[in-house]
Amino acid sequence: MIRILGLAKKAGLLAVGSESVAQAARTGKAAAIISASDASERSIRQARIYAEDAECDHIAVPYTKFELGQVTGRGSPGIVAILDAGLAHKFITGLDM
């Protein structure tokens, strides 16, 4: 399912990193906020707050920051946000957790 994040990135429908995710949440564009398995407690807390503010799901995934970075091409982000409801739904329902 991590490849859905890559598709979202290519389509311009992925916010990467705390500042971008915060902006997406504030503007109501975030459909789902995702935190890496090794994200800091601070990042996870922020992700939960952003998700609550945006009234969207927060999902802690089994992927590491390194793995998210590989897919997004941006360092090692602790959190990302999917900006499309359809892609977010597909990602969430495809997770085998």
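Exposed, on this tour, means a relative accessible area over 50%, buried means under 20%, and partly exposed lies in between. Keep those cut-offs at hand, and remember as you click around that the model is predicted.

**Stop 1: the whole chain**

Select everything and colour by secondary structure. You should find 5 helices and 4 strands. Follow them from the N terminus and the order reads α-β-α-β-α-β-α-β-α.

Now turn on the principal axes, if your viewer draws them. The C-alpha trace spans about 30 × 25 × 25 Å along them. The radius of gyration is 11 Å, which agrees with the value near 13 Å expected of a compact globule with 97 residues.

How much of the protein counts as buried? Of its 97 residues, 45% do. A surface representation shows the rest of the story: about 5400 Å² is exposed, and carbon and sulfur atoms supply 48% of that area. If you colour by charge, look for 11 positive and 10 negative charges, whose mean positions are 8 Å apart.

A contact map is a good companion here. Taking contacts between residues at least 6 apart in sequence, 79% join residues at least 24 apart. Several of the stops below show pairs that are distant along the chain.

**Stop 2: helix α5**

Select residues 85-94, which form α5, and show side chains for L87, A88 and F91; these are buried. Why do they sit together? Their arc around the axis is only 100°, which puts the three on the same side of α5.

Swing the view around to the face turned away from that buried side. There you meet A85, H89, K90 and T93, which are exposed. Swing back and add the partners: the buried residues of α5 pack against α1, β2 and β4.

**Stop 3: helix α4**

Next, select α4, residues 65-72. L68, G69 and T72 are the buried residues here. They cover an arc of only 100° around the axis, so they lie on the same side of α4. The other side carries F66 and Q70, both exposed.

What covers the buried residues of α4? The cover includes α1 (2-10), β1 (14-16) and β4 (79-82). Show those elements as cartoon and the α4 side chains as sticks.

Stay on this helix and pick V71. With 24% relative accessibility, V71 counts as partly exposed. Beyond its neighbours within four places in sequence, V71 is in contact with I2, L5 and G6. Draw a distance from V71 to I2: the two are 69 residues apart along the chain, yet their C-alpha atoms are separated by 7.5 Å.

Before moving on, step past the end of α4 to G73, where phi is positive, near 75°.

**Stop 4: helix α2**

Select residues 18-26 for α2, then highlight V21, A22, A24 and A25, which are buried. Their arc around the axis is only 165°, which places them on the same side of α2. What covers them includes β1, β2 (32-35), α3 and β4.

Rotate to the other side of α2 and you find E19 and R26, both exposed. For R26 the relative accessibility is 62%, so R26 counts as exposed. Add A51 to the selection: R26 and A51 are 25 residues apart along the chain, with their C-alpha atoms separated by 9.7 Å.

Just after α2 comes G28, whose phi is positive at about 75°.

**Stop 5: helix α3 and the loop after it**

Pick S43, which belongs to α3. Is S43 buried or exposed? At 19% relative accessibility, S43 counts as buried. Select G78 as well and measure C-alpha to C-alpha: the pair is 6.5 Å apart in space and 35 residues apart in sequence.

Then move along to the loop between α3 (41-54) and β3 (57-60), where E55 is found. Open a Ramachandran plot if you can, since E55 deserves a look there. Its phi is near 55°, a positive value in a residue other than glycine. In the surface view, E55 is exposed, with a relative accessible area of 74%.

Technical notes. Residues are numbered from 1 along each chain as its sequence is written. This is a predicted model: local features need pLDDT of at least 70, side-chain atom pairs count only at pLDDT 80 or more; totals for chains, interfaces and linings use all residues. Side-chain values use heavy atoms; hydrogens and water are left out. Buried means under 20% relative accessible area, exposed over 50%, partly exposed in between (1.4 Å probe, protein chains only). Helices (H or I, at least four residues) and strands (E, at least two) are DSSP runs, numbered from the N terminus. The arc is that of the directions from the helix axis to the C-beta atoms. Contact means heavy atoms within 4.5 Å. The radius of gyration is taken over C-alpha atoms; the globule rule is 2.2 Å times the number of residues to the power 0.38. Accessible areas come from the Shrake-Rupley method with a 1.4 Å probe; for residues, only the protein chains shown count as cover. Lys and Arg count as positive and Asp and Glu as negative; His and the chain ends are not counted. The place of a charge is taken as NZ of Lys, CZ of Arg, CG of Asp or CD of Glu.
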